[in-house]
Amino acid sequence: MTLIKSISGIRGTIGGPVGQGLTPLDVVKYAAAYGTWVMTQPTAARIVVIGRDARISGPMVSQLVAATLQGLGLDVVDLGLSTTPTVEMAVTAKQAAGGIILTASHNPKQWNALKLLNADGEFLSDAAGQQVLALAESEAFDFAPVGKLGQYTTDDEFLAQHIAAVVALPLVDVDAVRARNFRVVVDAVNSSGGFAVPQLLAALGVTTVEKLHCEPTGDFAHNPEPLPEHLRDIAKVLEKGSFDLGIVVDPDVDRLALVSENGEMFGEEYTLVAVADYVLGALGGGNTVSNLSSTRALRDVTERHRGQYAAAAVGEVNVVTKMKETGAVIGGEGNGGIIYPELHYGRDALVGIALFLTHLAKSGLTASRLRASYPSYFISKNKIELTPEIDTDEVLVQMEKRYAKQPVNTIDGVKIEFDKEWVHLRKSNTEPIIRIYAESDSNSTADHLAQKIIADIKEIIAVKA
């Protein structure tokens, strides 16, 4: 039983005591806090868009959220079963004051969450998120009298508008995709991608689609995080040699993982690299952004196209902020999150699929050959657990000092650059843990670099003891 409160929303396991899990009372409390915050914003709109993924608790949570917002006097437009990027786009299309996406993203089925959006259809800033959390703690809610309750309407057509907007993008070439006559396997982990992705593929002219775990029951067929160890089913289908590509999305369709025609993982980190390569090539250059823990391959590809790469702190809101600052034409995160501002500022697996298929079609390559055309890096992910009395911030300060002769970035933990290798240290906000990500051109070198950093941390701790 877990309840995690952050600026981007409220996430927890369903059930348990109030305040320890995501219970109905917790759902109402944080929905009321968000609705109260919305009503303080300088907008005439009194509309909030909501939508959910297919997880089992979705209908219950959705009804609680909608009724709470109505109780505050806000009108609710409910997209029902939908995707995170679809809700984000609907907020601006309907000139709403904000939106709530009911999804725990890649977390297992016992989890759910309220992801909170501003009037731009983007995740809340740190300041706005802190205001919502403060309102929840104070429970300073003022509900509307009976004559001023909000209205409730549904809209099950907006996904079609989202797909139409993707297909209409100048860099999406439907004719090229149709001409390649791609044969595609889709694994949507029994959530919203089960209907969203096939609809998009049909609009792109892909006629041969094998659906795997595409019934939106919310009973996830495997761990919903699209990592290689969870994707054995789709890999086995592709290994038989009858398909050109495997497409995998997480439950709310904001992360995209690809599987090559031979059953090998394209690599979540390389989803953004490949799409950026296509966009930059088509535009004749441009700037890109990813977070500090994402592969260096994006920087390499960007510089090859004579663009400039910038790194942001981990978190979608931070990546979006940096993209706006630098005028980036493409960006995202190494977890398969594509952010394409031409459509909207949010991770969107659907636009990622359309741009990737266009790239694959125009290249004339197989997916495996396309993947082989990019610089090959490997990321080693580790962590070191500390005792509660150890000052984690001080450990990071000492690591920064220890590697002062190297380029060091401290906007989000400590990232140390070593020519074409790097290591990123981030402290957990919920546990006495330092997470350590290291990247190099081989798995063994990345692992060795991570272990060297772990040894340094242990030495610092021993000196301080």
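**Exercise 1. Locate Arg296 and describe its surroundings.**

*Solution.* Arg296 lies in the loop that links strand 12 (288-291) to helix 10 (297-304). Helices (H or I, at least four residues) and strands (E, at least two) are DSSP runs, numbered from the N terminus. The structure is a predicted model, in which local features need pLDDT of at least 70, side-chain atom pairs count only at pLDDT 80 or more, and totals for chains, interfaces and linings use all residues. Residues are numbered from 1 along each chain as its sequence is written, and side-chain values use heavy atoms, with hydrogens and water left out.

The next step concerns accessibility. Arg296 has a relative accessible area of 12% and is therefore buried; buried means under 20% relative accessible area, exposed over 50%, and partly exposed in between (1.4 Å probe, protein chains only). Not counting residues up to four places away in sequence, Arg296 touches Tyr377, Asp419, Lys420, Trp422 and Glu439, where contact means heavy atoms within 4.5 Å.

**Exercise 2. State which strands pair with strand 8, and how the chain passes from strand 8 to strand 9.**

*Solution.* Strand 8 covers residues 183-187, and four of its five residues are buried. Two strands pair if DSSP finds at least two bridges between them. Strand 8 is joined to strand 9 (residues 208-212) by five bridges, and the two run parallel. In this pairing, Arg183 is placed opposite Thr208 of strand 9. Between the two strands the chain passes through helix 7 (residues 193-203), giving a right-handed β-α-β crossover. Right-handed here means that, with the strands pointing away from the viewer, the path from the first strand over the helix to the second runs clockwise.

Strand 8 also pairs with strand 10 (residues 245-249), in the parallel sense over four bridges. There, Val185 faces Gly246 of strand 10.

**Exercise 3. Characterise Asn190 and Gln199, which follow strand 8.**

*Solution.* Asn190 belongs to the loop between strand 8 and helix 7. With a relative accessible area of 11%, Asn190 is buried. Its phi is near 55°, a positive value in a residue other than glycine. Most residues other than glycine have a negative phi.

Gln199 sits in helix 7. Its relative accessible area is 38%, so Gln199 is partly exposed. Apart from neighbours within four places in sequence, Gln199 contacts Leu159 and Ile163.

**Exercise 4. Give the strand order of the seven-stranded sheet and identify its edges.**

*Solution.* The sheet is open, has mixed pairing and follows the order 1-2-6-5-3-4-7. Its edge strands, each pairing on one side only, are strand 1 (3-6) and strand 7 (152-154). Strand 7 pairs with strand 4 (residues 75-81) in the parallel sense over three bridges, and Asp78 stands opposite Thr154 of strand 7.

**Exercise 5. Describe how helix 1 and helix 4 cross.**

*Solution.* The axes of helix 1 (residues 24-38) and helix 4 (residues 126-138) come within 8 Å and cross at roughly 125°. Axes are lines fitted to C-alpha atoms, for helices over the stretch in contact, and angles run from 0 to 180 degrees between N-to-C directions. The two helices are therefore oblique to each other: angles under 35 degrees count as roughly parallel, over 145 as roughly antiparallel, 65 to 115 as roughly perpendicular and the rest as oblique.

The contacts complete the solution. Residues of helix 1, including Tyr30 and Trp37, meet residues of helix 4, among them Val132 and Leu135.
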